[in-house]
Amino acid sequence: MLDPKLIRENPDSIRTMLENRRASWPIEEALALDTRRRELLAEAESLKAMRNEGSRKVAALKKEDPEKARLMETLREAGVRVKALDAELAKVEERFEELLLQLPNMPHPSVPVGVDENDNPEIRRWGTPPSFPFPPRPHWEIGEALGIMDFDRGAKLAQARFTVLRKAGALLERALINFMLDLHTREHGYEEVAPPFMVNSATMRGTGQLPKFAEELYRCEGDDLWMIPTAEVPLTNLRAGEILKEEELPLYLTAYTPCFRREAGSYGRDVRGMLRQHQFDKVEMVKIVHPDSSYDELEKLTSNAERVLQILGLPYRVICLCTGDMGFASSKTYDIEVWLPSQGKYREISSCSNCEDFQARRMNTRFRSKDTGKIRFVHTLNGSGIAIGRCLIAILENYQREDGSVKVPEPLVPYMGGLEEIA
RNA sequence: GGAGAGAUGGCCGAGUGGUCGAAGGCGGUCGACUCGAAAUCGACUAGGUGGUCUUGAAGCCGCCUCGUGGGUUCAAAUCCCACUCUCUCCGCCA
C-alpha cells in the first residue's frame, strides 16, 4: 500500500508508475473518493464536536432545568445526522481502501523502465556452463531413469504438476533444505523459523497476495485459511501490527516451507518435469529493516542467495527486473537464474526484492526511532534462498554423466549420508 | 464439539453511565544529586486521523480508538446483541 498522501499530493508520480508498470488503476476515482472522504470527515467531525460539548453541558445542568430537555432534543437530532454522515463516510472509505489495496508499489528510480522480461538487464554472471561430450538430458529423463522421480504417480495421487520423489531424490530434497538452512543460520546471521503453512486473510493481505491474487492461492473450505504460496507470507507478517524497538532492527529470518500455487494462467508452460509445480519446497529469507539501510540489505540478501549456488558450483546470472516485469509489492527485484543444460538457458531459481514500506503499511509494522521517538514504517525484503525443487533439477542436469548417473556436489555429500553419486 | 472464565496503553493492572484516553506499578526518556555510577527525587511518556499554521518540523484546535462489528443513550471502557481470539475443564486426537 502506498501513502494516500502521495496520491493526493503527487498524482502524476502515480500515473507515471502505472504507465511504467503497464498497469491500470482508476486514479481519478481514487482522487474523487479522497476529496469526498475529507469533506464528509470535516462535516461529521464538527457535528460530533458540537455534540460532545453539548453532552458536557447536559451533565452540568440541573434535572428540572427546562434548558436541559431542549438541549437533549437538539443533540438527539444532531446524532441522527451524524449517523447518516458516518454511514456514507464508511462506504466511501471502504471503496477507497479497496482501491488502495490494488495499487502496485512504486519502483525505485534505479529500476530500468521496460515492457517485459526482454528488457531485464543482466547484472552479472558467475561460473561457466558445463560442456558435455554427449547431448545433456532433461531432468525428467534423468530422474525417471534413476527411479528417483515419479511423475505418473504424482498425478495419480493429486493432479498434474505434482511429483513424487523417491530414494536418493527424496534424500537430495532433504539434504538441500538442511544445507541451505545451515548456511543462512550459521554464516549469514539468520534466525531459523518454522511457521504455519496456512495463514488467514489478514496475513495474506499484509504481504499483498490478497485481495488481488486470490486466484493464485489454494484456500481451505470452511475456514479463513489459505495455503502459503511462499514463506515470505508468514515470515514478513511475523511482526504485523507491532511497534518494534529500533535496536531490534534488522531482523533476519529464514524458513523452510512447502509452497502452494495454483499456477492459474500458466497452462502450457513448463508442463514437463518439475520446474513448475503446484507444491514445491523453498528456503526463504526475509529481512525487516530500518528504511535507511534497505537497499544495502537488498544487495546482501541477493549475495546470500548467490552463495548457495556458488557453493554448489551451479552457474548462474543475476538480472534486474524492469518496471514492466516486476512483482506487485516490490520496489526493486533481482532475479537469480541458474543454468539448465537441457534448455541451454538460464532459468529463475531465486527472486530477491525490496518492498520498502509497501508491505509494512499493509501489515502496520513500525518501529520507534531511538533519536526522535517518532514512529516510522519498517522496510521489508524477501528472497528465495533458494527454491529447492529447481535447485534439485539444476544439480541433476549440471552434474549428469554419460552413463545416466549424477555426481553429488561435494559440499552436499555429508548431507547425503556420504553418498557421492546417484546411480 | 460441550461447559466456564477472560480480552484495557510498550508490559502488568484498576476502573459497572458524564469529572476517563484511562488510577497505580513496571519499563523508557530527560533533569537534579554525584568525580562517575547506583540509590533517591522531579518532569515527561498510547496510536490513528482531519484542520490550521509553516519551506519543513514543532505547536494549536478537533475527531476516532479500552478484542472486532452492531445497538441503546444527550452521553458507553462501563448497559444490550453478534462475532473473533486466549485460558481452564470435558470429549476427540498425532
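This note goes through the predicted model point by point, from the overall fold to the RNA surface, the salt bridges and three single residues.

1. **Overall fold.** Chain A has 423 residues, and 50% of them count as buried. Its secondary structure comes to 12 helices and 18 strands. Along the principal axes, the C-alpha atoms fill a box of roughly 105 × 45 × 45 Å. Take the contacts in chain A with a separation of 6 or more: 73% of them join residues 24 or more positions apart.

2. **The surface near RNA strand B.** There are 20 residues around RNA strand B. Those that come nearest are Arg-38, Glu-45, Asn-52, Ser-55 and Lys-83. By type, the surface divides into 11 charged, seven nonpolar and two polar residues. On the RNA side, consider the atoms within 4 Å of the protein: 72% belong to sugar or phosphate, and the rest to bases.

3. **Polar pairs with the strand.** Arg-37 has a side-chain N or O atom 3.3 Å from a phosphate oxygen of RNA strand B. Arg-368 also faces a phosphate oxygen of the strand, with a polar side-chain atom 3.1 Å away. Met-72 uses its backbone: a polar atom there is 3.5 Å from a sugar or linking oxygen of RNA strand B. Which elements give two or more residues to this surface? They are α3 (27-60), α4 (66-100) and β14 (366-368). The largest share comes from α3, with 11 residues.

4. **Salt bridges within helices.** The count for the model is 32 salt bridges. In general, side chains of opposite charge can pair when their charged atoms come close. Arg-95 and Glu-98 are one pair, with their closest N and O atoms 2.9 Å apart. Both lie in helix α4, three residues apart, or about one turn of the helix. Arg-95 counts as partly exposed because its relative accessibility is 29%. Glu-98 is partly exposed too, at 37%.

5. **A second helical pair, and a network.** Glu-297 and Lys-300 meet in a salt bridge at 3.8 Å, N to O. They are three residues apart in helix α10 (residues 294-312), so about one helical turn separates them. Is Glu-297 buried or exposed? Glu-297 is buried, with a relative accessible area of 6%. Lys-300 is partly exposed, at 42% relative accessibility. Elsewhere, salt bridges that share partners join Arg-8, Asp-34, Arg-37, Arg-38 and Glu-93 into one network. Two names recur here from the RNA surface: Arg-37, with its phosphate pair, and Arg-38, among the residues nearest the strand.

6. **Arg-239 and Glu-248.** These two form a salt bridge, with the closest N and O atoms 3.0 Å apart. Arg-239 counts as buried because its relative accessible area is 18%, under the 20% cut-off. Glu-248 is partly exposed, at 29% relative accessibility.

7. **Glu-356, a buried charge.** Glu-356 sits in the loop between β13 (345-354) and α11 (358-363). It is buried yet has no salt bridge. Where is the nearest side chain of opposite charge? That is Arg-361, 8.8 Å away. A salt bridge needs a nitrogen within 4 Å of a carboxyl oxygen, so this pair does not qualify. Glu-356 does make a polar contact, side chain to side chain, with Tyr-295 at 2.4 Å. Leaving aside neighbours within four places in sequence, Glu-356 is in contact with His-108, Tyr-295, Ser-331, Val-378, His-379 and Thr-380.

8. **Met-363.** Met-363 belongs to helix α11. It counts as buried because its relative accessible area is 6%. Beyond four places in sequence, Met-363 touches Gly-206, Thr-236, Asn-237, Ala-240, Gly-241 and Thr-380. Thr-380 is also in the contact list of Glu-356. Met-363 and Gly-327 are 36 residues apart in sequence, and their C-alpha atoms are 18 Å apart.

9. **Ala-231.** Ala-231 lies in the loop between β7 (225-227) and α9 (232-236). Its relative accessibility is 0%, so Ala-231 counts as buried. Phe-197 is 34 residues away in sequence, yet 7.8 Å away in space, C-alpha to C-alpha. Not counting residues up to four places away, Ala-231 touches Ala-255, Thr-257, Cys-259, Lys-282 and Glu-284.

Technical notes. Residues numbered from 1 in each chain as written. Chains lettered and ligands numbered in written order. Predicted model: local features only at pLDDT ≥ 70, side-chain atom pairs only at ≥ 80, totals over all residues. Heavy atoms only, no water. Near = heavy atom within 4 Å. Polar contact = N/O pair within 3.5 Å; in protein donor to acceptor, adjacent residues only side chain to side chain. Helix = DSSP H or I, 4+ residues; strand = E, 2+ residues; numbered from the N terminus. Nonpolar A, V, L, I, M, F, W, Y, C, P; charged D, E, K, R; others polar. Buried < 20%, exposed > 50% of the residue type's maximum accessible area, 1.4 Å probe, protein only. Lys, Arg positive; Asp, Glu negative; His and termini not counted. Contact = heavy atoms within 4.5 Å.
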